[in-house]
Amino acid sequence: MGNGVGGREGGATGPFGTFGLFLARDGQDPAMSTTILLDCDPGIDDALAIAFAAGSPAIELAGITTVAGNVGLAKTTANALAVASFVGLDKVPVTAGCAAPILRPALDAGHVHGESGLGGAVLPTPARVAESGHAIDHIISAIAASPGEITLVATGPLTNIGLALRREPRLASWVKDFVIMGGSASRGNVNHAAEYNIWADPEAASIVFEAGWTVRMIGLDVTLLARATKAIQDRMSALGSLGSSLLLPALAQYADSHDTTGEPPVHDVCAVVSIADPTVFTYTPARVQVETSGRFTSGMTVTDFSPSIIPNARVATAIDADRFWELVLDAYGSVAAKIG
Ligand SMILES: [Ca+2]
């Protein structure tokens with residue numbers, strides 16, 4: 001994880017020519033931040049991840065692409081637009097992608113994320129709509145235009161990423177880094193074997209893990225250790241409308257449905273934080289293979305840490321949760337200061 005992403009203002013030139021993607025945010029030095037594309041399915045924790053990206057000085061969010069997952073594609077796209085506008089990212093393009101997994105039926109985790117996908121959060125309807133075109137084309141074009149400079153982050157099912165790799169296998173060598181929230185080296189959350197994002201589209205996940213790049217896997221092994229405790233939620237309540245209109249009503253739904261401790265995890269935020277500060281997580285090289293045909297284990301990320309394997313992943317195995325929340329609350333504080 002380095003930086004070295006300066007000199008991008010006004011668009012960058014790459015194999016697909018000039019691509020006017022980058023939008024330096026006010027007061028932020030692009031040379032000190034990492035440019036990311038976020039493929040997501042908002043989704044409560046996706047929304048919290050977008051809010052973190054909006055406030056972190058270490059992250060330059062260049063684009064959001066959406067996929068069906070926590071709720072259907074129309075809702076994940078509408079939610080991405082609404083959250084981005086609410087946290088001051090009106091100029092970040094939002095592009096819709098796949099409406100269903102590659103082979104499996106369309107899914108809906110509305111029982112976890114609420115009818116809208118954002119729990120109890122009700123945000124203003126944004127003035128803009130999604131970009132024309134498809135997320136897969138946007139991902140390929142953006143990364144091809146700036147090879148080695150963009151970190152791709154996926155916090156939903158891997159349908160868009162898997163199909164983008166089928167369309168353009170060189171994507172795997174053009175990214176600066178590739179990070180997912182998904183999987184588990186231990187137990188799952190949909191069932192004992194599988195984590196939701198992998199379980200939702202295991203064929204796509206299998207393509208992604210076999211693509212020849214190193215997947216940085218931020219899975220349940222660490223995300224369950226970064227909980228929004230009562231003390232954290234108290235600090236969120238001091239963040240004005242960011243806390244009262246988005247963070248807390250969204251988390252309240254999560255706490256009701258997903259986690260009975262009242263101190264829910266914020267899975268997707270972990271993936272973006274891992275880019276903002278590479279010291280928050282500790283990684284172990286591993287060979288991860290996705291089970292696609294198991295009767296009881298479909299979507300399982302079979303994770304082999306043996307020294308003799310050829311690794312295809314760096315799996316997060318420990319987290320500095322205090323540092324994590326320090327970064328998250330600092331970023332949320334910056335957003336709150338901006339939006340009131
Ligand atoms: Ca998600």
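Hi everyone. Let me begin with a pair of helices: H1 and H2 cross each other in a right-handed way. Before going further, please keep in mind that this is a predicted model.

So how do H1 and H2 sit together? Helix H2 covers residues 73-86, and the angle at which H1 and H2 pack is about 35°, with 10 Å between their axes. On the H1 side, the residues in this meeting are Ala47, Ile50 and Ala51, and their partners in H2 are Asn79, Val83 and Ala84. By type, that contact is made of five nonpolar residues, one polar and no charged.

Let me step back to the whole chain for a moment. The protein chain holds 13 helices and eleven strands. It has 340 residues, and 56% of them count as buried. If we take contacts with a separation of 6 or more, 82% of them come from residues 24 or more positions apart.

Now for the core. In soluble globular proteins, nonpolar side chains tend to be buried together. Here, the largest nonpolar core has 112 residues, and Ala51 and Val272 have the most contacts inside it. Which helix gives the most to this core? That is helix H1, residues 44-55, with nine residues.

We have already met Ala51 in the contact between H1 and H2. What else does Ala51 touch, leaving aside neighbours within four places in sequence? Its contacts are Val83, Val87, Leu242, Leu246, Tyr332 and Val335.

The other residue I named in the core, Val272, belongs to H12 and is buried there. In fact, ten of the ten residues of helix H12, residues 267-276, are buried, so this helix is largely enclosed by the rest of the structure. As you scroll along H12, you will find His267, Asp268 and Ser274 among the buried residues, along with Val269, Ile275 and others.

Next, a second helix pair. Helix H4 is residues 135-145 and helix H5 is residues 159-167; they pack at about 60°, with their axes 9 Å apart. H4 and H5 are therefore oblique to each other. Their crossing, with H4 passing H5, is right-handed. Which residues meet here? From H4 we have Ala135, Ile136, Ile139 and Ile140, and from H5 we have Asn160, Leu163, Ala164 and Arg167. Sorted by type, the residues of this contact are six nonpolar, one polar and one charged.

Let's stay with H5. This helix is mostly covered, with seven of its nine residues buried. The buried ones are Thr159, Asn160, Ile161, Gly162, Leu163, Ala164 and Leu165. And what do the buried residues of H5 pack against? There are three strands to look for, S3 (34-40), S4 (59-66) and S6 (150-154), and also helices H4, H6 (171-174) and H8 (202-209).

Last stop: a loop residue. Val190 lies in the loop between strand S7 (177-181) and helix H7 (196-200). Val190 is partly exposed, as 16 other C-beta atoms lie within 10 Å. Leaving aside neighbours within four places in sequence, Val190 has contacts with Glu195, Tyr196, Trp199 and Gly299. How far apart are Val190 and Gly299? In sequence they are 109 residues apart, while in space, C-alpha to C-alpha, they are 9.5 Å apart.

That's my tour. Thanks for listening!

Note on methods:
Residues numbered from 1 in each chain as written. Predicted model: local features only at pLDDT ≥ 70, side-chain atom pairs only at ≥ 80, totals over all residues. Axes fitted to C-alpha atoms, helices over the stretch in contact; angles between N-to-C directions. Helix = DSSP H or I, 4+ residues; strand = E, 2+ residues; numbered from the N terminus. Parallel < 35°, antiparallel > 145°, perpendicular 65-115°, else oblique. Left-handed = near helix turned anticlockwise from the far one by under 90°. Contact = placed C-beta atoms within 7 Å. Nonpolar A, V, L, I, M, F, W, Y, C, P; charged D, E, K, R; others polar. Core = buried A, V, L, I, M, F, W, Y, C linked by C-beta atoms within 7 Å. Buried ≥ 20, exposed ≤ 12 C-beta atoms within 10 Å, placed from the backbone.
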